[in-house]
Amino acid sequence: MAFEPPRRLVRALGETAPEGDDWLEKLPGLAREAVERRELTVERVQLPGGRSSLVVLVRRADGTPAVLKLAPPRARPESERVALAHWGGRGAVQLLEPVSEGAEGSEGVLLLERLHPDVSVRTLPEAKALLEAAGTLRRLWVDPPEGHVFETVAERTGRQAKAMRAGADAAPEAAPLVDAALSAREELLDSPPEHRLLHGTFRQSKVLSGDRMPWLAVGPDPVVGEHAFDLARLVRDRVEDLIAQPSGATTTRRRVRRLAESLEVDRDRLRGWTLFRAVESGVRARRVGRERDAELLLEFASWL
C-alpha cells in the first residue's frame with residue numbers, strides 16, 4: 001500500500017519545518033517498515049488526518065483493530081508514549097505497544113487501541129460536548145511519573161513568548177494583546193497552584209468515542225503544570241461559532257466561569273491562560289499566513 005501523506009499533514013508540517021527536515025519524504029518508507037515489523041494489515045490512512053502525524057487504521061496479527069501513528073521528532077512522540085503509558089488507559093487512548101525508549105523500530109511510532117476516529121465530542125451539542133470533554137480532562141490530571149523529563153508550562157510558554165515578541169514586531173496592531181498576554185504569563189508563573197501531568201493540547205476534537213469507555217483523549221503533547229493551562233484551550237473551542245454570535249463575548253466569559261467552576265479552577269487564572277494561549281496561537285497563525293485564523297483568535301482574545 002502507498003502511504004501518501006494527507007494534504008492537511010503536508011501543509012501543517014510545511015509551515016513549521018526547519019531547514020533540511022526530510023521527515024515527510026521518508027514517511028512512506030517509515031510507514032511500510034513499521035507495518036511489516038509489527039505484522040499489521042492496513043485498512044486505510046485516516047483522512048483528513050492530523051496536523052502533526054500520519055494515522056493509519058490497521059489490524060494486528062490476531063485481527064484486533066488498532067491504530068498506527070507516526071510522528072516527526074519535533075512533535076515529541078516519545079513524550080506522548082511516556083504519558084500514555086503513565087495514564088494506562090485512564091481517560092486516554094490505550095498504548096498497545098509500550099516499547100522502552102530506544103527500542104529498535106519504535107522511535108516516532110505508536111501502536112494504539114482503535115477508537116471511533118470520526119466520532120468526537122465535537123459532534124455533540126455544545127453544552128454536552130463541553131461537559132463530556134471537561135470530565136475526560138479531569139481524569140488525565142495526575143501526578144507526573146517520578147523523575148519525569150516532560151517539558152514544563154514555564155519552559156513551553158517561554159519558547160512561545162519569544163516568538164510572540166517577534167510576531168508583534170511584524171504586526172503592530174496586535175502589540176497591545178501581546179503585551180497583555182505576556183504580562184498575564186509572568187503573573188501566572190509566579191505562583192502556580194499545582195504541578196500535574198497535563199494533556200497539553202486538549203480540545204473537543206481530541207476526545208473520541210471508544211468501546212472500552214464512552215470518551216477517551218488522544219493526541220497529547222504532554223506538559224507539567226497547572227490545571228488552568230490545560231483547560232484554557234478548551235475555552236476557545238468552536239471559536240468560529242463564538243465570533244459569529246452577536247453575544248460571543250458574553251458567551252465566552254460565561255464559558256470561562258462555568259468551566260472554572262465545574263473543574264474547580266481559579267477563574268482569573270483560567271482567563272489569563274486562555275488569553276495567553278489565544279494570542280500565541282493568533283500570532284503564530286499570522287506568521288505562517290493563516291490570516292483568517294489569526295483574525296478569529298485575536299478577536300476572541302480581545303474579549304478576555
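Which exposed residues does the face of α6 turned away from its buried side carry? In this predicted model, that face carries Pro176, Glu187 and Asp190, and the helix as a whole offers a convenient place to begin reading the structure.

Helix α6 covers residues 175-190, and because a rise of 1.5 Å a residue should give its 16 residues a span of 22 Å, the 23 Å between its end C-alpha atoms agrees with that expectation. The buried residues of α6 are Leu177, Val178, Ala181, Leu182, Ala184, Arg185 and Leu188. They cover an arc of only 160° around the axis, which puts them on the same side of α6.

Helix α7, residues 227-235, is mostly covered, with 9 of its 9 residues buried. Those buried residues include His227, Asp230 and Arg233 as well as Ala228, Phe229, Leu231, Ala232, Leu234 and Val235.

In soluble globular proteins, nonpolar side chains tend to be buried together. Here the largest nonpolar core has 71 residues, of which Leu84, Leu231, Leu270, Trp273, Leu275, Val279 and Phe300 touch the most other members. Helix α10, residues 267-287, supplies the largest share of this core, namely 7 residues. Apart from this core lies another, of 18 residues, which counts Leu9, Leu27, Ala34 and Val45 among its members.

The surroundings of Leu84 can be followed residue by residue: once its neighbours within four places in sequence are left aside, Leu84 is in contact with Gly89, Ala92, Val93 and Leu95, and also with Leu110, Leu112 and Pro220.

Definitions and conventions:
Residues numbered from 1 in each chain as written. Predicted model: local features only at pLDDT ≥ 70, side-chain atom pairs only at ≥ 80, totals over all residues. Heavy atoms only, no water. Core = buried A, V, L, I, M, F, W, Y, C linked by side-chain atoms within 4.5 Å. Buried < 20%, exposed > 50% of the residue type's maximum accessible area, 1.4 Å probe, protein only. Helix = DSSP H or I, 4+ residues; strand = E, 2+ residues; numbered from the N terminus. Contact = heavy atoms within 4.5 Å. Expected span 1.5 Å × (residues − 1). Arc of directions from axis to C-beta.
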